[in-house]
Amino acid sequence: MAEHFEFTIEEREKVLNLYTELKEKVAPSLEEYDEEHLRSHLLHAIEQDKVQRDAFGLNPIVTSLQTALLVLDEIGLKRDAVLAILLDPCVESGFITIDEVSTTYGLPVGRILHGLQRIQELYKKNPVIESENFRNLLLSFAEDMRVILIMIADRVNLMRQIRDTSNEESKRRVSEEAAYLYAPLAHKLGLYKLKSELEDLSLKYLEHDAYYHIKEKLNATKEARDKYIEQFIGPIEKKLKDAGLKFHMKGRTKSIHSIWQKMKKQKCAFEGVYDLFAIRIIIDCPSDKEKQQCWQTFAIITDMYTSNPKRMRDWLTVPKTNGYESLHITVLGPEKKWVEVQIRTERMDDVAERGVAAHWRYKGVKAEGGMDEWLNGIRQMLENANGIEAMDQFKMDLYDDEIYVFTPKGDLLKFPKGATVLDMAYHIHSKVGSACTGARINNKVVTFRQELHSGDQVEIQTSSTQYPKQEWLNIVKTSRAKAKIRLALKETQQKEALMVKEMLERKFKNRKIEQDESLMMRTMKKLGYKEASDFYRDIAHETLDVQTVFDKYLELQQGEKTVIGDNQARSAEEFVLEDFKGQKVLQQNDDVLVIGQDLKGVDYQLAKCCNPIYGDQVFGFVTINGGIKIHRCDCPNAPEMRRRFGYRIVRAKWSGKGSSQYAITLRIIGNDDLGIVNNLTSIISKDEKLVLRNINIDSNDGIFRGTLTIMINDNTRLEAIIKKLRTVKGVKQVERL
């Protein structure tokens, strides 16, 4: 647990010594007043005694100075990176803001600090580190490539400092991260020395016995190894000098981690690993003669010793994707021992030792393939752009089509760019997707249409009343989600079809109408349906009126017979109206509807397709069963009824005063502004003669669409209420359904 602390005397002395050493090394790259400002900020942090120790109890000011020296010496980063590292504890403790850093030291320093802060926030989300996705997200979160280099150096320094810590759990966690995450990154960037150190220290903390077993064996054989190396290189050294080559040679023992991996892979003891060391020949020559002199050296050595062609590695003709260039051969030396020989130039050795930073001075080599191509291209970009364009290019090239998001538990999921909340819901489970109503992204509620972005923490929200819809196929981006939606729609349609079929059978029986399957299929076709599933779906969604189905079915059953006779319109006096079960029929004490020639008191039904109310221009339509339905003159179905069944039309008008209450539904569309629903409902509640029966509001992308069902006396009052609703701020459209 981090806590405030006071600097000990030893820590103050250590800070002073490290700062003095660092100042001397970085001084040539500093700008005017840099050192003055930096010293002021560090002294302020020390004097305030408010800097927090980390989980291992380490002093962050001390560790930042150590990391800065490591970055300077091992990687070669200069002013901007060093200043960002040293100022990071000050920013973390609130002594200075990133904006203030950018103003005082320049935008590049602020940019690196911002990247470091974002990655620290990423760790706070507690993701599963053992994930390739997390490695990619870590890279995409860094605005400047130098952030990644600093993170690698920081982990190396941390691994050096936690040797004696008592916090074994944290020690194991950072060691596992070093082995899985940071060592591979260092390898890809060509930082082989740091990569080996990370691997060795991880092995030391994670597999203590194996590490010290190999270390003791190496110490015990060191004298013999050194003697053998001297015996092996003596003849080679003479031959190379005779050839006029300028060079130096050195022996390199394999890392403890590398030896342990070989022991496990080959299932052998320490003594069974025959290539414990390698001889490195480093040639000093002009760039235009590099390959020539490397191959000349190769020829001299293979003439002296027998080589193993299976262990020949030519990274001179085709360099590794991270820029590594060298010739590796394994030859049979004295005492019949195999020895690996690495041949390279000074430039190649610099690149191999210092990785990316070495290419600030050398031209890079073009490579191909995904992340490796980008990492290789960093070398050239860093020369002129200090890493900023490199990271921009990385995001553009490598992650243009990928995003990474967190679940509430910290699990990391990968999606294609443009994926939505609905994609993630279906990725989790089909049932979660089908019930998804939206999500909470970074504690902000959004709709399921919301596009996801890298680093988002997403909590899916569901509802038991939600079900998949056809339009969802246009919202999701992943083929997985599309397939699951299609399957869910098919299952839903099958359930709906079964329910509608049962409902129709029940209604046919209630009306004592014999149902014939073939006649029902003809009815579907006459109504314009090619598929039975579409027919049942429209009935289920109430876009097709059941009464229309009955009318068409009976029409076909009676062979297009007319119920009026001789195509002559009859008087309304001839109709015997039935009170259909389950349907409301207005009684004679309600508003009087005059039908035909001054006839009053006739029972009738108001058509559901247009919901006429007192005051509307209306007409009557004689149905097949002998009832009369009243439609508005502007009913959507009116033109078709007049064209096909003009003989069934009966003139109608309202009589008396409007005293009944009619259910009217209004559609309202507008901006989803705060309080708009309250403003709408308050207008209705203020009118004593209006009753609000139902309200349904749906909001998407800042636009709300809703329906209001109200009880009202006549169309005059209806027009007045529509005008009032249109005056509400944010309302764009109000229309009667």
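Here is a short walk through a three-stranded sheet and a nonpolar patch in this predicted model. Local features are described at pLDDT of at least 70, side-chain atom pairs at pLDDT 80 or more, and totals for chains, interfaces and linings use all residues. Residues are numbered from 1 along each chain, and side-chain values use heavy atoms, without hydrogens and water.

Let's begin with the sheet. Strands of a sheet pair through backbone hydrogen bonds, either parallel or antiparallel. This open sheet has three strands in the order S10-S9-S11, with antiparallel pairing; strands are DSSP runs of E with at least two residues, and helices are runs of H or I with at least four, numbered from the N terminus. Two strands pair if DSSP finds at least two bridges between them. S10 (444-447) and S11 (458-462) stand at the edges with a single partner strand each, so one side of each has no neighbour in the sheet. Four bridges join S9 (residues 436-441) to S10, and Arg 440 stands opposite Val 445 in S10.

Now turn to strand S18 (691-700). Which residue here is partly exposed, with a relative accessible area of 34%? That is Ile 695, which lies in S18. Just before this strand, in the loop after helix H24 (676-686), you will find Asp 687. Asp 687 is buried, at 17%. Buried means under 20% relative accessible area, exposed over 50%, and partly exposed in between (1.4 Å probe, protein chains only). The C-alpha atoms of Asp 687 and Ile 721 are separated by 9.0 Å, although these residues are 34 apart along the chain.

How values were computed:
Patches are made of residues with over 30% relative accessible area and no salt bridge: like charges are joined within 9 Å, nonpolar side chains (Val, Leu, Ile, Met, Phe, Trp, Tyr) within 5 Å. Accessible areas come from the Shrake-Rupley method with a 1.4 Å probe; for residues, only the protein chains shown count as cover. A salt bridge is a side-chain nitrogen of Lys or Arg within 4 Å of a carboxyl oxygen of Asp or Glu.
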